[in-house]
Amino acid sequence: MNGRQSGRPTLEQVAARAGVGRGTVSRVINGSPRVSDQTRTAVARAVAELGYVPNQAARALAGSRTDAIALVIPEAEARLFAEPYFLDLIRGVSAELAEADKQLLLTLVRSEQERQRFEQYLAAQRVDGVLLASVHGDDPLPDRIRELGLPVVMNGRRTEAEPVPYVDSDNIGAGRAAVAHLVGRGRSRIATVTGPLDMYVARARLGGYRAGLTEAGLPTDETLVSAGDFTEDGGRRAMRELLDRRPDLDAVFVASDVMAAGARGALREAGRRVPGDVALVGVDDSPVARLMDPPLTSVRQPIEEMGRTMARMLIQEIHESAVTAPVEPRRHVLPTELIVRES
């Protein structure tokens, strides 16, 4: 046909050809009654000209529901079960979905092959919506899910201008609170162990750390910054690098409790006392923080409540997707709280 192009046409291309928004195209495909005949005709013409084939997951039957929700975590099993963050998140999601009589499908996506397989699963109309956790900045999955016509809500975000609905915590505030606490304890050579910097959460906590230094009148010094990966081993390696570069450091803000446990091990190996020689602050207020020796001061995230909020938001997105005009993506940021202990 004239106008048909190479490659699989997208919902956005159909919308551009029809002169409407992608949400309108989605509603036409879903059979929504809240679309004018003129608009429906324009979309149908664009579909024909581009050779667009609506996916089954575009909800051709708007009233058809599976009552199943997928929670996708793109991490290996070892990290999933070793990190309390994910277990608390799953607990919150599961509790909220159970109250709504929805089934939870937990899915790990660890490779490009698994991502493609999961997309095929979604295309088979197996779930009503998707929750995404631990998303990296270059992950195409959130946008791909939206192209398939499925509601999606993320735990965290990829960028400051995230176009996909998300639930997050105040990560910048977490970094600022940690630094303010350490400055208040008389520390002035404050280092940080970040998470992977391709993740917004890690960049935000680093930004909060830098803001906290500026507010305290302390210089920012990149020799006091070392990147981790949200694992205990990553925290240990990053702490060793910091001690090699800056043996005079007297405090460390670590971007997760799990990494802080690794950092604590490296400090002990180097003969540094906590908090006598080096004060330590983590993030999450997980059981790891309470069980460390000494117990770890940590910035509490309401992780279980984030899971519940994500599930509620997604259920609302599902109910509205077939009949409501597109709106700005929902964004919800929950506050954090510094929990002071002995470190």
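The following exercises, each with a worked solution, concern the predicted model shown above.

**Exercise 1. Overall content**

Determine how many helices and strands the protein has, and what share of its residues counts as buried.

*Solution.* Step 1: the secondary structure consists of 13 helices and twelve strands. Step 2: the protein has 343 residues, and 53% of them count as buried. Step 3: for contacts with a separation of 6 or more, 71% are between residues 24 or more positions apart.

**Exercise 2. The six-stranded sheet**

Establish the strand order of the open sheet formed by six strands, and identify which strands stand at its edges.

*Solution.* Step 1: the order is S2-S1-S3-S4-S5-S11, with parallel pairing. Step 2: S2 and strand S11 (331-334) each have a single partner strand, so one side of each is left without a neighbour in the sheet, and these two are the edges. Step 3: on average, neighbouring strands of this sheet are turned by 20 degrees against each other, direction ignored. Step 4: two of the pairings can be examined by their bridges. S5 and S11 run parallel and are joined by four bridges; Ser-169 has Leu-334 in S11 as its bridge partner. S3 and S4 are also parallel, over three bridges, and Leu-131 stands opposite Val-153 in S4. Step 5: helix H6 (residues 112-123) lies across strand S1 (68-73), S2 and strand S3 (129-132), and its angle to S2 is about 155 degrees.

**Exercise 3. Side-chain directions in S4**

State which residues of strand S4 (residues 152-155) point one way and which the other way, and whether they are buried or exposed.

*Solution.* Step 1: in a regular strand, side chains alternate between the two faces of the sheet. Step 2: in S4, Val-152 and Met-154 point one way, whereas Val-153 and Asn-155 point the other way. Step 3: all four of these residues are buried.

**Exercise 4. Two loop residues**

For Gly-195 and Lys-102, find the place in the chain fold, decide whether each is buried or exposed, and list the contacts.

*Solution.* Step 1: Gly-195 is in the loop between strand S6 (190-194) and helix H9 (200-215). Its relative accessible area is 0%, so Gly-195 is buried. Step 2: beyond four places in sequence, Gly-195 touches Ala-202, Gly-228, Phe-230, Ala-255 and Met-259. The C-alpha atom of Gly-195 is 8.8 Å from that of Thr-231, although the two residues are 36 residues apart along the chain. Step 3: Lys-102 occupies the loop between helix H5 (84-99) and strand S2 (103-108). Lys-102 has a relative accessibility of 19%; the cut-off for buried is under 20%, and Lys-102 therefore counts as buried. Step 4: with neighbours within four places in sequence left aside, Lys-102 is in contact with Asp-67, Ile-69, Leu-97 and Ile-315.

**Exercise 5. The cavity**

Characterise the largest cavity by its volume, its lining residues and the elements that supply them.

*Solution.* Step 1: rolling a probe the size of a water molecule over the atoms shows where empty space is left. Step 2: the structure holds one cavity of 30 Å³ or more, and the largest cavity encloses about 260 Å³ of space. Step 3: its lining comprises 22 residues, among which Tyr-85, Asn-155, Met-199, Val-201 and Arg-205 lie nearest the centre. Step 4: by class, the lining has nine nonpolar, seven polar and six charged residues. Step 5: H5, strand S5 (166-169) and H9 each supply at least two lining residues, and H9 provides the largest share, three residues.

Technical notes:
Residues numbered from 1 in each chain as written. Predicted model: local features only at pLDDT ≥ 70, side-chain atom pairs only at ≥ 80, totals over all residues. Heavy atoms only, no water. Buried < 20%, exposed > 50% of the residue type's maximum accessible area, 1.4 Å probe, protein only. Contact = heavy atoms within 4.5 Å. 1 Å grid on protein atoms, 1.4 Å probe; cavity = no way out; pocket = protein on both sides within 12 Å on 5 of 7 lines; lining within 4 Å. Points joined across faces, edges and corners; volume = space filled by probe spheres on them. Nonpolar A, V, L, I, M, F, W, Y, C, P; charged D, E, K, R; others polar. Pairing = 2+ DSSP bridges. Axes fitted to C-alpha atoms, helices over the stretch in contact; angles between N-to-C directions.
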